[in-house]
Amino acid sequence: QGQFVESGGGLVQPGGSLRLSCAASESMFRHYILGWYRQAPGKQRDLVASITVSKTTYYNEAVKGRFTISRDNAKNTLTLQMNDLKSEDTAVYYCYAPSGGGAWGQGTQVTVSS
């Protein structure tokens, strides 16, 4: 297993919902802040949302009000609930600990299309 393993992506129609999950190694999950990132073809990787150990959250303005990030410290898992999906949400989604370094996971593909 890699240090980050993402799952839950798929094909969904506009307005639909998906829930992404990330299983992280203990060494990575212990870091203060964890985040979900996304990258579409030909575009730079952007931070979607982040969450601290105390569960303070940040959201990219493009997803605010539609996405919810959460973490389970006991299970070393990070989730991203995505509602009211739009075509511009199409991307590969990754979880990562920006202060932890290490390799990125394989990501999970989210495709929003009619």
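Me: How should one read the burial of Arg66, and is this residue buried or exposed?

Reply: Burial is judged from relative accessible area, and a residue counts as buried when that value is under 20%. In this predicted model, Arg66 has a relative accessible area of 9%, so Arg66 is buried.

Me: Which residue forms a salt bridge with Arg66?

Reply: A salt bridge is read from the separation of a side-chain nitrogen of Lys or Arg and a carboxyl oxygen of Asp or Glu, which must lie within 4 Å. Arg66 forms such a bridge with Asp89, and their closest N and O atoms are 2.8 Å apart. This pair links distant parts of the chain. Arg66 belongs to the loop between β6 and β7 (67-72), whereas Asp89 belongs to the loop between β8 and β9, and 23 residues separate the two.

Me: What is the relative accessibility of Asp89?

Reply: The value for Asp89 is 0%, so Asp89 counts as buried.

Me: Which residues do salt bridges with shared partners join into one network?

Reply: The network consists of Arg38, Arg66 and Asp89. Besides the bridge from Arg66, Asp89 meets the side chain of Arg38 at 2.9 Å, N to O. Arg38 lies in strand β4 (residues 33-39), and Asp89 lies in the loop between β8 (77-82) and β9 (91-96), 51 residues apart. Arg38 is buried, as is Asp89.

Me: How many salt bridges does a search of the whole structure find?

Reply: The search finds three. One of them joins the side chains of Glu61 and Lys64, at 3.1 Å from N to O. To read its surroundings, one applies the cut-off for exposure, which is over 50% relative accessible area. Glu61 and Lys64 are both exposed.

Me: Strand β4 was mentioned above. In what order do the six strands of the open sheet stand?

Reply: A sheet is read by following each strand to its paired neighbour. Here the order is β2-β10-β9-β4-β5-β6, and the pairing is mixed.

Me: Why is one side of β2 and of β6 left without a neighbour in the sheet?

Reply: β2 (10-12) and β6 (57-59) stand at the edges and have a single partner strand each, so one side of each lacks a neighbour in the sheet. From one strand to the next, the twist averages 20°.

Me: How many bridges join β2 to β10, and which residue is the partner of Val12?

Reply: Three bridges join β2 to β10 (residues 108-112), and the two strands run parallel. Val12 has Val112 as its bridge partner in β10.

Note on methods: Residues are numbered from 1 along each chain as its sequence is written. This is a predicted model: local features need pLDDT of at least 70, side-chain atom pairs count only at pLDDT 80 or more; totals for chains, interfaces and linings use all residues. Side-chain values use heavy atoms; hydrogens and water are left out. Two strands pair if DSSP finds at least two bridges between them. Helices (H or I, at least four residues) and strands (E, at least two) are DSSP runs, numbered from the N terminus. Axes are lines fitted to C-alpha atoms, for helices over the stretch in contact, and angles run from 0 to 180 degrees between N-to-C directions. Buried means under 20% relative accessible area, exposed over 50%, partly exposed in between (1.4 Å probe, protein chains only).
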